[in-house]
Structures are given as C-alpha cells and as structure tokens.
Amino acid sequence: MSEDFFQGYKGEALEILKKYNVRVWGTVEMETTRGNFKGTVLPRAVNDDQFHIVVKISTGYNIGIDIRTVTGMKEVGYKKANYKVPEKEFPYTPGLPHVKLLGTGGTIASRLDYRTGAVIPAFSPGELYGAVPELAEICNLDTEKIFAVFSENMGPTQYVALAKQIGKEIENGIDGIVIGHGTDTLHHTGAVLTFMCQNLPVPVILVGSQRSSDRPSSDAALNLMHAMTAAGRGNIAEVLVCMFGPTSDEYGLLHRGTRVRKMHSSYRSTFRTIGDTPVARITRKGLTPIKEDYNRRRQDKNVKIIPTFDDRVTMLYYYPGMKPDTLDAITDNGYKGVVWVGTGLGHVNKEMYPAIERAHKAGVHQYMTVQTIWGYVHMFVYDTGRDMMAKGIIPAGNMLPEVAFIKLGWALGQTHDMEEVKKIMLTPINDEITEREPYNGYLVYQGGSPEVEEFVKRVRK
C-alpha cells in the first residue's frame, strides 16, 4: 500500500500496520493483551513516538494502543473522515433578536489537526452554525471573523480593534454581541473591554470552550447557546463572561468582566467570580439574575468607547529572595507601569525598597495587589506596607492582579500624570474594586472536610 495510507506513522507502528494491511481511516478490530478494541485508525502527529496506534472508538474518544500489546488486527471497513464542518447560511426568523458573533479564534472555534495533534483555530463563525444549528432558534445571527488567534496572542492591538468594532455594531443597532475567544486569557479581554466600552446599551458576552468542538465532552455548543441567549434576550447590558456553571450541563454562569478568573486548566467549569457572586445563571430558556445591581439593556445607541492602551506595563509576582535588579531592569527598559502581586496583605522584602524608590522617581506607576486572589490589600497594618507606600506603591484594594494590570495599561493609554492615573485606577468602573466581599464571595471547598464530603455526595453527578 502507498505511504499515503499511513499518515504520520513510522518505525514499529508503521510496520505493524503494514503487517496486517490496515490503513489510516480504516475501521479496525484489534486484539491486544489488554482487551479487544474496535474503531477508526487516525493519523499520528508528526512528532509522536513509533510505539502507538491511535484509534477513535465508538464513544468518540481517541485512545492510544501500545503496539507491543497487539496480538491481532483486521481492517473491516474504510472511509476517510472529513473533519471540516460545512458552512451554512444562517436563516432569518422575523421576531428574533439580532446578534453579532465576532470570532477571534480559540477552542470554541477549533478542531483537532491530526497531522500535528494540535488544536487549531479552524472553524469560521459560519461553520459554527453548521455545527450548532440550534442557534437559529435563539436569534438572527451575523458573523464576522475579526482574528484567528489563540488567546495567548491577544493583546493591545486586538483589544483596541475589538472595542472599536463593538462601538460600530452598537451604532448599527445590534441587539447583542457575542465574542468567541480562547479561554486562557479570556478574563483579560473581559476586563479590558469593560474599561474600553462603558455605558453599554446591549450585552457584550465573551464565550469560549475548554474542549474542542470535535470532542464528545465539548462544552462549545452549550456555551454558544447560552451566550447567544444572554446577548439576544438577556437584560444585563455589560461585558460578561459566559461559561459552564457546574461540571455538568445544567446551566451556565455570567461573570462580570472585572471579577472573573480562569481557575482550572481543564475543567469545563473553570471560570469563577472572585470576591463576589456571578451576575446571573443562564440556560437555553433564559437568564436568572443572581445580583440585583447591574446595568440594564436600553433602546438607545449611546456608548462610551475609550480604545487606549499603553503596553509598557508589566506584573511582578513577588517571591522570597527577590533581587532589586528585577525591578531595575524594568525601569531601565522604559516601562511606565508595574503591578505588584505581593504576599499577604501586599508585601515585598526590604531589599526591593531602593529599586521601588528609584522606579517611582523615574515616573513608573506602581500598584499593589495580593497573591491570595481573594481579599484586599491592607498596607497600613504593618510597617512594611507603610514604608512601601511612602516609596511610591499604591494599594489597589481587591482588584485582581490581572485586572489591575489591564486597567493600568488602559489608564496609561490616556495619561501619564501620576494623580490622574491614580484617580482612574482607584475609581471603580464596574466592581473591579468593591467595598466589601459578600459572605459567600469566598468559598473554597476542600476535600476531606466532613461537611464538604457530605455536600459533594449530594451534588456530584
């Protein structure tokens, strides 16, 4: 058989496929010392080893079979798969709200590239409708691909372009906006759009997925349906992040763009509101508010777009034994802002003091946040905090470190005046700083605790 039938296979894995006359995309019945398997042989990633055959089984999951366990194999069918979802023109239904989907890339718009084994941005927004036809029951949808990047490649250029596009869509009379976005930096974009797009008359919903669209456990379709519902039919006209609530498919949560954080690398319920509660629950049937104080939808087109950002800002995560040359290098390289992520109530060691003072004299704006994630900076409690404030560091309340970083870049895009920047930073726009945490704003369930174990038994499914 031609080498084209053995895409990506090499060495011993290639030899065993040839031995049994099995092709990539062939349906195979396989006998191994660990049991019998049936499925479709998939291409190997070009950089993978030579000792495994990858098979997609009936559940839709891919498994790797160690060839050293194989005792027999038989090809019982062959059909080359096409993993590209065809684009479909979205139907128009009178009476449904008009929503605009802005695509940026990420897992919600992706598929698996079997050549490399990587998840790649591959679905256009039109293909998303081909994959999730239920969207047509929720809204009338226009789509536009603004970028096609992983979220780690989102930055100030993309932030500014998105903010301007949101302004244009509102001017055109859109009922709601959904932004498809990779999850890794989705909370950064949620924060920056909250600052850049103020007094929104319609919802702006950021949505992603933890698992690519071709996986049986993908959360992409349900997250999209929830986001479209929140954008087209919801009454909360804010920048919100829409993702799974529990790990099951029961409902999604809408998180305020300034108080949300990705808290797990792979759970579908990775996004959590920190130091507060989510704004609302969302299902395909509609939205149920959790908070009472939110910006309501309006019929006008008035929105305040402030698309500025100075990227000469960085974050310094303090660690024991940190040397002053870390901050000196930042100062010498022309950075204009530093967000400290300090210990406890907002502390760093005394060895850093000369560098902090030097940076302040050089015009570097410095703000303190805390590594604990939950809680407030309190720099009046100990001498350490008071000393740092005297040398130019400003406490940032309970602003999350990433949010403070984003807000400082946005503030410095408008002015470098110390007092003006301080005023912008410490004046809340949408709960990035709150007066207090609610009693249920800090909940960390620790396995092993009797009350938690009892709770888990009741809710785990």
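**Notebook: Leu408, the cores, a sheet and two loop residues**

I started at Leu408 and listed its contacts, leaving aside neighbours within four places in sequence: Val313, Gly337, Val338, Val339, His365, Tyr367, Val421 and Met425. The model is predicted, and I read every entry below with that in mind.

**Entry: the core around Leu408**

I looked up the largest nonpolar core next and found 52 residues in it. Leu408 is among the members that touch the most other members, together with Ile166, Ile177, Ile179, Leu193, Met196 and Ile406. I then noted which elements give two or more residues to this core: helices H3 (156-171), H4 (186-196), H9 (401-412) and H10 (418-426), and strands E10 (176-180), E12 (204-207) and E13 (239-244). H9 supplies the largest share, 8 residues.

Where does this core lie with respect to domain 2 and domain 3? Both domain 2 (98-305) and domain 3 (313-426) give residues to the core, so I place it between them. In soluble globular proteins, nonpolar side chains tend to be buried together.

I also recorded a second core, separate from this one, with 28 residues, including Phe90, Ala136, Val207 and Val279.

**Entry: the sheet E20 to E23**

I traced an open sheet of 4 strands in the order E20-E21-E22-E23, and its pairing is parallel. At the edges I have E20 (313-317) and E23 (393-395), each of which pairs on one side only. From one strand to the next, the twist averages 30 degrees.

Inside the sheet I checked E21 (residues 337-342) against E22 (residues 365-370): the two strands run parallel and 6 bridges join them. Val338, already listed as a contact of Leu408, stands opposite Gln366 in E22.

**Entry: positive phi between H1 and E1**

Most residues other than glycine have a negative phi, and I looked at two exceptions.

Asn21 is not a glycine, yet its phi is positive, about 55 degrees. I found Asn21 in the loop between helix H1 (11-19) and strand E1 (26-32).

Trp25 also has a positive phi, near 80 degrees. I located Trp25 in the loop between H1 and E1.

Which of these is buried and which exposed? Asn21 has a relative accessible area of 52%, and the cut-off for exposed is over 50%, so I entered Asn21 as exposed. Trp25 has a relative accessible area of 6%, and buried means under 20%, so I entered Trp25 as buried.

Notes
Residues are numbered from 1 along each chain as its sequence is written. This is a predicted model: local features need pLDDT of at least 70, side-chain atom pairs count only at pLDDT 80 or more; totals for chains, interfaces and linings use all residues. Side-chain values use heavy atoms; hydrogens and water are left out. Two strands pair if DSSP finds at least two bridges between them. Axes are lines fitted to C-alpha atoms, for helices over the stretch in contact, and angles run from 0 to 180 degrees between N-to-C directions. A nonpolar core is a set of buried Ala, Val, Leu, Ile, Met, Phe, Trp, Tyr and Cys residues joined through side-chain atoms within 4.5 Å. Buried means under 20% relative accessible area, exposed over 50%, partly exposed in between (1.4 Å probe, protein chains only). Domain bounds come from an automatic or database domain assignment. Contact means heavy atoms within 4.5 Å.
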